[in-house]
Amino acid sequence: MAINKTPAIILHSRKQGETSKILTMLTEQYGKQEVIAKGSRSVKSRFSGLLEPFNHIDIVFYRNENRSFQYLSQADLVEQFPVLHEQLGKLALAAIPCEIINRSEKDGHKNPQLFHLLLETLQALEDRDSGLKNIIRCFHLHFLEISGLEPDLAGCSHCGHNGADRKYIFTLDSGVYCCQECGQFTEYSVKMSGQTLECLRWLRQVDMKTAAGIKIPAGIGKELDSLLITYMRLHVEGLMVLRSLEYLEQLQSKLNNK
Ligand SMILES: [Zn+2]
């Protein structure tokens, strides 16, 4: 049995027995891991207050690849995100990247780039007060890039045009697009306005905190979100059901009806 040390972020936590927790973590060095923290729900536990979702911690755990979950031996807090827990809207948004990673990453697949992307996403959500949806849009685009599934946004696949002055057809299965004049709709096509294309190209280039500084009009944002989520669901296994996204939609419709 190997002793492993690594930075980790808690994606999900569930109760186990009377006093323990099973935690799903994205670790920097060992990918996604299910780890049991024995006795961690008792008041006197050395893990008390450390093992909350989103927490960035350094852990030591015993790894045995033949077991479905590993044993947590030590945890030290690196960074907490108190605002994410206090504000319902931020909590709902922070749950989205955690759920996407939890559902799509295979256990033990080392992916330090993804670990740092998640950390950057949580830090930006914690720090910023507006433009929060742009942070999630950036996460989606970088997640696709890391997974080798990045859509090709360079230009129309026929004539190379990419200005905001035209309407486009985005092909979901191949991840390329063309002007409406240059191509035809198929069952895997969606409409993409020139402004949506412009926003996607911009969001891919800027860091998350810069992205949060710009307000994308609601109609463009809706088209962009629908395109990204549909594209991700088609290409990334395990994302057909996303409870965090459903919850966010319910929360927004409640707020709109107030
Ligand atoms: Zn064209």
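Which strands does helix α2 (residues 88–104) lie across, and at what angle does the helix run to β1? In this predicted model, α2 crosses β1 (2–16) and β2 (20–27), and its direction is at about 110° to β1. The report below places this helix within the overall fold, then turns to the two sheets and to one loop residue.

## Overall architecture

The protein chain contains eight helices and eight strands. Its C-alpha trace spans about 65 × 45 × 30 Å along the principal axes. The radius of gyration is 20 Å, which agrees with the value near 18 Å for a compact globule because the chain has 258 residues.

Of the 258 residues in the protein chain, 32% are buried. Among contacts with a separation of 6 or more, 60% are made by residues 24 or more positions apart.

## Two domains and their contact

The chain is divided into domain 1, covering residues 2–80, and domain 2, covering residues 84–257. A distance of 29 Å separates the C-alpha centres of the two domains. Their contact involves 15 residues of domain 1 and 17 residues of domain 2. On the side of domain 1 that touches domain 2, the elements giving two or more residues are β1, β2 and β3. The most comes from β3, with four residues.

## The barrel

Five strands close into a barrel with mixed pairing, and their order is β1-β2-β3-β5-β4. From one strand to the next, the twist averages 50°.

Within this barrel, strand β3 (residues 31–37) and strand β5 (residues 70–79) run parallel and are joined by two bridges. V35 has Q70 in β5 as its bridge partner.

## Helix α2

Helix α2 consists of 17 residues, and the distance from its first C-alpha to its last is 25 Å. That span is close to the 24 Å expected at 1.5 Å a residue.

The buried residues of α2 are L91, L93, A94, A95, I96, P97, C98, E99, I100 and I101. The list includes the charged-type position E99 as well as P97. These buried residues pack against the strands β1 and β2, and against the helices α1 (82–86), α3 (112–127), α4 (132–146) and α8 (243–257).

## The three-strand sheet

A second sheet, open in form, has three strands in the order β7-β6-β8 with antiparallel pairing. Strands β7 and β8 stand at its edges; each has a single partner strand, so one side of each is left without a neighbour in the sheet. The twist from one strand to the next averages 30°. Helix α5 (residues 194–205) packs on this sheet, where it touches β6 and β8, and its direction makes about 85° with that of β8. Helix α7 (residues 218–235) also lies across β6 and β8, running at about 150° to β8.

Strand β6 (residues 167–171) is mostly covered, with four of its five residues buried. Five bridges pair β6 with strand β8 (residues 189–193) in the antiparallel sense, and I169 stands opposite K191 in β8. Strand β7 (residues 176–179) is joined to β6 by four bridges, and these two strands run antiparallel. In this pairing, T171 stands opposite V176 in β7. The hairpin of β6 and β7 has four residues between the strands, and G175 there takes a positive phi near 70°.

## A loop residue with positive phi

F54 is found in the loop between β3 and β4 (56–63). Its phi is near 80°, a positive value in a residue other than glycine. Most residues other than glycine have a negative phi.

Is F54 buried or exposed? F54 counts as buried because it has 23 C-beta neighbours inside 10 Å, where the cut-off for a buried residue is 20 or more.

How values were computed: Residues are numbered from 1 along each chain as its sequence is written. This is a predicted model: local features need pLDDT of at least 70, side-chain atom pairs count only at pLDDT 80 or more; totals for chains, interfaces and linings use all residues. Two strands pair if DSSP finds at least two bridges between them. Axes are lines fitted to C-alpha atoms, for helices over the stretch in contact, and angles run from 0 to 180 degrees between N-to-C directions. Two residues are in contact if their C-beta atoms, placed from the backbone, lie within 7 Å. The expected span of a helix is 1.5 Å times one less than its number of residues. A residue is buried if 20 or more other C-beta atoms lie within 10 Å of its own, exposed if 12 or fewer, and partly exposed in between; C-beta atoms are placed from the backbone. The radius of gyration is taken over C-alpha atoms; the globule rule is 2.2 Å times the number of residues to the power 0.38. Domain bounds come from an automatic or database domain assignment.
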